[in-house]
Every structure is written in C-alpha cells, then in structure tokens.
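Let's take a walk through this protein together, looking for the empty spaces inside it and along its surface. Have the model open beside you as you read.

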Amino acid sequence: MNSKRVLVVAAGGTLGLLAVVLVAMGNPANMGYCVACFLRDITGGLGLHRAAPVQYIRPEIIGLVLGAFLASQATKEFRPIGGSSSFTRFVLGFLAMIGMLVFLGCPVRAVLRLAGGDLNAGVGLLGLGAGVAIGVQFLKSGFSLGRAVPQQKGNGYIFTLFMFLLLILLLARPSFIFFSEKGPGSMHAPVWAALGAGLVIGVLAQRSRLCMVGGIRDFIMFRDAHLLYGFVAIFVVALVVNLAVGAFKIGFAGQPVAHTDGLWNFLGMALAGWAAVLLGGCPLRQLVAAAEGNTDSALTVMGIIFGAAVSHNFGLAGSPTGVPVGGQIAVILGLIAVFIIGCANRPVAVKRGVSVGKGS
C-alpha cells in the first residue's frame with residue numbers, strides 16, 4: 001500500500017473513530033460528524049433560521065477549517081484563488097444542501113449512519129452514486145465552471161477569520177446567538193473535545209484530500225478507487241466501534257434523526273451528488289479548500305448555509321416523520337436546476353465545427 005493510500009485510510013479511520021467517540025461524549029447518535037448537519041446547526045445558531053431544535057455553533061466545523069488552514073500553511077499549499085463562476089457555485093452549494101437536508105445528512109454522515117445499522121443510509125448512498133454518475137457524464141462532455149485565478153492574499157484569510165469569529169461567539173455566548181434547549185442541537189460533546197476532533201480531522205482531510213464525491217467520480221472516470229478507501233475506512237472503523245460499544249442497531253425504522261422514505265432519501269442524495277460533482281467536491285472538501293484560500297469554495301459554503309436557512313425557514317427539510325411536500329418539490333426543482341446549469345456550462349458547437357465553452 002503506497003503512502004498516499006495509507007494517508008487517506010488513516011484519515012478515514014480516524015474520522016470514523018472520532019465520530020463514534022463524539023457520540024459517546026454527547027453528539028446525536030449516528031451524527032458524530034456531519035458537515036451538512038453541523039452547518040445547518042451553525043446557521044440556526046446565528047439566527048438565520050428559527051428551527052429551535054437545530055441551533056448550535058458546532059466547534060467540529062471550526063476545528064476542521066482551522067486544522068486544514070494550519071496544515072496548508074505548514075505545507076505551503078495555501079493559495080488564494082477564485083473567480084471560477086463564483087455565483088454558480090453558490091447556487092450549486094445551495095441546491096446540494098436542499099438535497100442533503102431532505103436526506104438528513106452529508107456523504108460522511110451517510111457512511112456513519114450505515115455503520116450504525118441505518119439501512120436508509122444505504123438507499124441514500126445509492127442515490128449519491130447515481131447523482132455523481134450523472135454529473136460525470138456532464139464532465140465527460142466538457143462541463144466546466146472555468147479556471148480560478150490568483151487572488152490578493154488577504155482574500156484567502158477571510159473564511160478562516162470567519163471561523164475564528166464563530167469560535168468567539170460560541171465561547172462568549174452573547175444573547176443574539178441561539179442555543180437549542182432540546183433536539184439534536186442541544187446534544188453535543190464538550191466544546192474543547194469537539195474542537196480538538198475537528199482540528200485533527202481538518203489536518204488529515206487537508207493532507208489526504210478526503211472526499212467521497214471525488215472518490216466516486218474518480219472511480220467512474222478512471223477506475224481509481226484511491227479516495228474511496230478513506231470512506232471504506234470510515235465505515236469499517238465506525239462499524240467495529242459501534243459493535244463494541246453496543247451502538248449498532250440494524251434496520252430501517254426507529255433510526256436516530258432519520259426517516260424511512262426511500263424515494264426521497266435516494267433523490268435527495270442524488271441531487272446532492274450531482275451538484276457536488278459539478279462543484280468538484282463534497283461539503284467536506286469545500287470546507288478544506290476554503291481553508292486553503294479558495295474563495296470559490298468559501299462562497300460555495302455560504303451557499304450551503306443559505307440552503308440550510310431556506311430549508312428550515314420554508315419547511316423543506318426532512319425529519320424523522322418524513323419529507324414534507326415542499327421538500328419534495330424543492331428536490332425536483334433542484335434536479336431541474338442542476339441539469340440546466342450542467343447544460344449551460346458545456347461546450348457548444350458553432351459554425352465550421354469550432355467549439356467554444358459557455359460560461360467560461
């Protein structure tokens with residue numbers, strides 16, 4: 001096994017272990033580490049949505065960004081770049097979040113849910129794979145959001161500074177910040193434990209380029225399973241630890257923070273996977289890239305946060321009781337929107353067979 005594969009397996013295994021440990025320390029079951037859920041909670045903590053059960057500034061996300069930032073500085077991989085169809089990326093991040101909140105989790109949580117015995121997550125992962133496979137066809141036909149260009153160095157620090165601000169708000173607990181008194185947002189590991197776990201995961205994710213969407217994409221396009229080994233490691237380690245501590249419960253019904261509507265689990269994650277492959281990576285990868293100075297990824301994360309606000313303010317998100325009609329309509333419209341974005345950013349033929357790129 002080469003060193004790169006060892007690194008990605010180590011990153012995945014560590015994430016799987018820490019996720020289960022964080023659950024034991026207070027995080028919701030099968031939600032030891034979920035980028036989508038935690039960004040949703042941060043959105044609520046800032047008052048951008050008022051769903052009382054999911055409001056908390058999650059230190060795991062802050063730690064992830066700070067860890068990735070420090071790693072990129074140490075390895076001289078911090079490069080402020082941007083300007084690659086930035087608003088389109090914001091929209092794709094928004095649409096991906098709509099799908100993830102219908103499913104109730106990001107690709108990382110889907111693996112962790114499956115490792116806890118939640119078979120609904122298996123349906124979601126099939127949808128994720130289908131969405132990525134569709135997106136790959138657009139990539140093969142020339143889809144591109146254009147080339148990012150170097151930015152002023154100060155631009156690359158803004159996202160990390162935003163995370164520092166969130167940490168200050170979490171610790172200071174001013175009256176304008178919201179903290180859930182019940183529900184998933186009220187369930188959390190101690191701040192410093194969660195922050196430390198995030199730092200470790202951030203460093204390892206930055207060094208390994210861990211990304212499930214990228215792994216599925218690379219396997220379909222090049223038969224390269226390198227990145228997927230990391231998610232196999234997440235599953236295996238989390239499964240073993242869950243079995244050891246008696247936290248494994250197999251089945252569809254009665255799973256924590258999950259619903260059993262298979263169609264919308266599938267379609268929600270298909271939307272997320274399709275949007276993410278056009279973006280070049282899943283939410284975890286977007287956070288790491290933003291910490292490395294990529295302002296397009298930072299704007300993508302803002303789109304994800306906006307998606308969380310809209311999902312909860314307009315009652316689109318799934319819940320243990322199922323998916324509301326509004327959420328179902330939003331997923332269908334989201335799939336249509338991603339299709340249009342995909343078509344609008346592919347090369348088109350003009351006179352004499354010359355091709356030009358749209359949206360580049």
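The largest cavity holds about 80 Å³ of space. In this predicted model, a search of the whole structure turns up one cavity of 30 Å³ or more. To find the spot, look for Ala-96, Ala-276, Gly-281, Cys-282 and Pro-283, which lie nearest the cavity's centre among its 16 lining residues. Helices α4 (86-103), α11, α12 and α13 each give two or more residues to this lining, and α11 provides the largest share, with four residues. What kinds of residue surround the space, nonpolar, polar or charged? Eleven of the lining residues are nonpolar and five are polar, while none is charged.

Next, turn to the pockets. The largest pocket contains about 500 Å³ of space. Its lining is made of 24 residues, and those nearest the centre are Ile-81, Arg-89, Leu-279, Asn-294 and Ser-297. Some helices from the cavity return here: α11 (262-279), α12 (283-291) and α13 (295-313) each supply at least two residues of the pocket's lining. Charged residues do take part in this lining, with eight of them beside nine nonpolar and seven polar ones.

The second largest pocket has a volume of about 220 Å³. Sixteen residues line this pocket, and you can locate its centre by Val-54, His-312, Gly-318, Ser-319 and Pro-320, the ones that lie nearest. Here the lining has ten nonpolar residues, five polar ones and one charged residue.

Helix α11 has now come up in both the lining of the largest cavity and that of the largest pocket, and you can also follow its packing against another helix. Which way does α6 pass α11, in a left-handed or a right-handed crossing? The crossing is right-handed. The contact of α6 with α11 involves 15 nonpolar and eight polar residues, and no charged ones. Helix α6 spans residues 119-140, and its axis comes within 6 Å of the axis of α11, the two crossing at roughly 35°.

Finally, a word on confidence. The chain has a mean pLDDT of 96, and 96% of its residues reach 70 or more. One stretch to view with care is residues 350-360, where pLDDT stays under 50. For that stretch, the model has 18 contacts beyond four places in sequence.

Notes: Residues numbered from 1 in each chain as written. Predicted model: local features only at pLDDT ≥ 70, side-chain atom pairs only at ≥ 80, totals over all residues. Heavy atoms only, no water. 1 Å grid on protein atoms, 1.4 Å probe; cavity = no way out; pocket = protein on both sides within 12 Å on 5 of 7 lines; lining within 4 Å. Points joined across faces, edges and corners; volume = space filled by probe spheres on them. Nonpolar A, V, L, I, M, F, W, Y, C, P; charged D, E, K, R; others polar. Axes fitted to C-alpha atoms, helices over the stretch in contact; angles between N-to-C directions. Left-handed = near helix turned anticlockwise from the far one by under 90°. pLDDT = per-residue confidence, 0-100. Contact = heavy atoms within 4.5 Å.
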